[in-house]
Amino acid sequence: MSRVVTVDPTQPDPAVIDEGGAILRTGGLVAFPTETVYGLGANALDRAAVDRIFAAKGRPAYNPVIVHVADRAQASGLASEWPDTADRLAEAFWPGPLTLVVPKTAAIPDNVTAGLPAVGLRVPAHPVALALIRSAGVPVAAPSANRFTELSPTLASHVASSLGDRVDLLIDGGSTDVGIESTVVDLTGERPRLLRPGMVTLAALESIVGDVAVPEHDPAAGAARLSPGQVDRHYAPRAPVYLLSAAEIDRQADRGQLGLLHHSSLRVTGFRKAIQLAASPDRYAHDLYAALHELDHTGCAAILVELPPEDGAWRAILDRLTRAAHR
Ligand code: TXA
Ligand code: MG
């Protein structure tokens with residue numbers, strides 16, 4: 001097992017942060033909490049260190065990695081172009097769960113962006129992540145800290161069971177706050193384009209920069225060209241996931257082998273395990289991955305998930321559930 005150190009998420013011990021910073025500077029891997037999910041960090045300027053991320057995750061090289069920075073100045077310093085839209089979105093949402101894709105400088109090695117000319121940048125809203133980036137003194141490349149195609153981790157225990165001893169240090173800062181990955185917006189084209197929905201909603205983005213394009217999320221429609229990584233089966237537990245209406249779940253007969261995730265009041269008797277999440281998108285997102293991890297650990301044959309409401313605030317949740325159900 002890797003070294004695991006628990007910190008106060010609001011006031012992390014500087015000695016632990018500096019140990020993590022030193023590991024990053026010298027090419028090692030540090031798993032750390034952000035406000036969205038746990039990240040698996042490496043020095044974003046060190047090609048060999050970034051290769052270690054791909055190896056630890058078992059992740060294919062065509063999948064670009066998000067670079068975490070401490071502030072807007074550090075972000076714009078890694079961009080060869082910093083459009084006005086980037087400035088306005090950063091002003092509105094950073095630090096926070098929003099990743100901006102902008103043209104990169106030569107300082108960012110090609111393996112970070114999977115060969116693309118643009119890099120995804122974000123300033124995380126988490127005291128541990130920010131302190132770690134500052135201590136490292138370098139931008140920190142960090143995908144979610146899980147093996148490829150597995151569920152993203154919202155607890156340090158999720159990281160430990162997925163990555164085992166593949167990280168040099170795991171900083172345990174408790175449960176993450178937002179619970180699902182950041183919104184990703186591409187700013188390299190004529191108008192902003194939503195590459196991955198998140199809890200910074202389309203409506204919130206459009207209130208700052210006007211019309212934002214939403215590409216068809218049809219894996220058959222060449223989405224790979226838009227945002228590599230978004231086409232993979234992703235965010236998925238081991239058990240197959242089925243998205244069903246409340247009425248369909250109510251009619252389900254053989255329940256003994258099934259797990260259930262729901263948010264409305266349903267008849268839940270007979271299921272191997274049923275977990276009810278809050279019918280509020282923020283609270284639902286916060287608890288979603290931990291609930292799926294927990295249902296998966298019951299060894300159930302399948303997980304039924306009640307369809308979320310059709311409302312913009314639930315878009316990112318529906319996106320992750322659809323990916324979990326895709327196989
Ligand atoms: O909330 C998050 O974003 C978390 C935490 C750790 O910050 N990170 C995360 O990273 O979810 P990851 O590697 O699991 O997701 C990265 C995704 C890629 O699959 C891709 O869809 C998009 O972000 N992305 C990153 N860099 C990109 C780029 N240069 N161009 C297009 N899409 C990019
Ligand atoms: Mg991921």
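1. In this predicted model, the chain carries 29 positive and 37 negative charges, and the mean positions of the two sets lie 5 Å apart.

2. The exposed surface of the chain amounts to about 13000 Å², of which carbon and sulfur atoms supply 51%. Of the 327 residues, 55% count as buried.

3. The overall dimensions are those of a compact globule: for 327 residues a radius of gyration near 20 Å would be expected, and the chain's value of 19 Å agrees with this. The C-alpha trace spans about 60 × 45 × 35 Å along its principal axes.

4. The secondary structure comprises 11 helices and 14 strands. Among contacts between residues at least 6 apart in sequence, 66% join residues at least 24 apart.

5. Helix α7, residues 202-209, merits a separate comment. Leu202, Leu205 and Val209 are buried in this helix. These residues lie on the same side of α7, because they cover an arc of only 65 degrees around the axis. An α-helix has 3.6 residues a turn, so residues three or four places apart point the same way. The face turned away from the buried side of α7 carries Ala203 and Ser207, which are exposed.

6. What do the buried residues of α7 pack against? Their partners are two helices, α4 (84-93) and α11 (315-325), together with the strands β5 (98-103), β9 (183-186) and β10 (193-196).

7. At the end of this segment, α7 is followed by Gly210, whose phi is positive, near 75 degrees.

Note on methods:
Residues numbered from 1 in each chain as written. Chains lettered and ligands numbered in written order. Predicted model: local features only at pLDDT ≥ 70, side-chain atom pairs only at ≥ 80, totals over all residues. Heavy atoms only, no water. Helix = DSSP H or I, 4+ residues; strand = E, 2+ residues; numbered from the N terminus. Rg over C-alpha atoms; globule rule 2.2 N^0.38 Å. Buried < 20%, exposed > 50% of the residue type's maximum accessible area, 1.4 Å probe, protein only. Contact = heavy atoms within 4.5 Å. Areas by Shrake-Rupley, 256 points an atom, 1.4 Å probe, with all protein chains shown as cover. Lys, Arg positive; Asp, Glu negative; His and termini not counted. Charge placed at Lys NZ, Arg CZ, Asp CG, Glu CD. Arc of directions from axis to C-beta.
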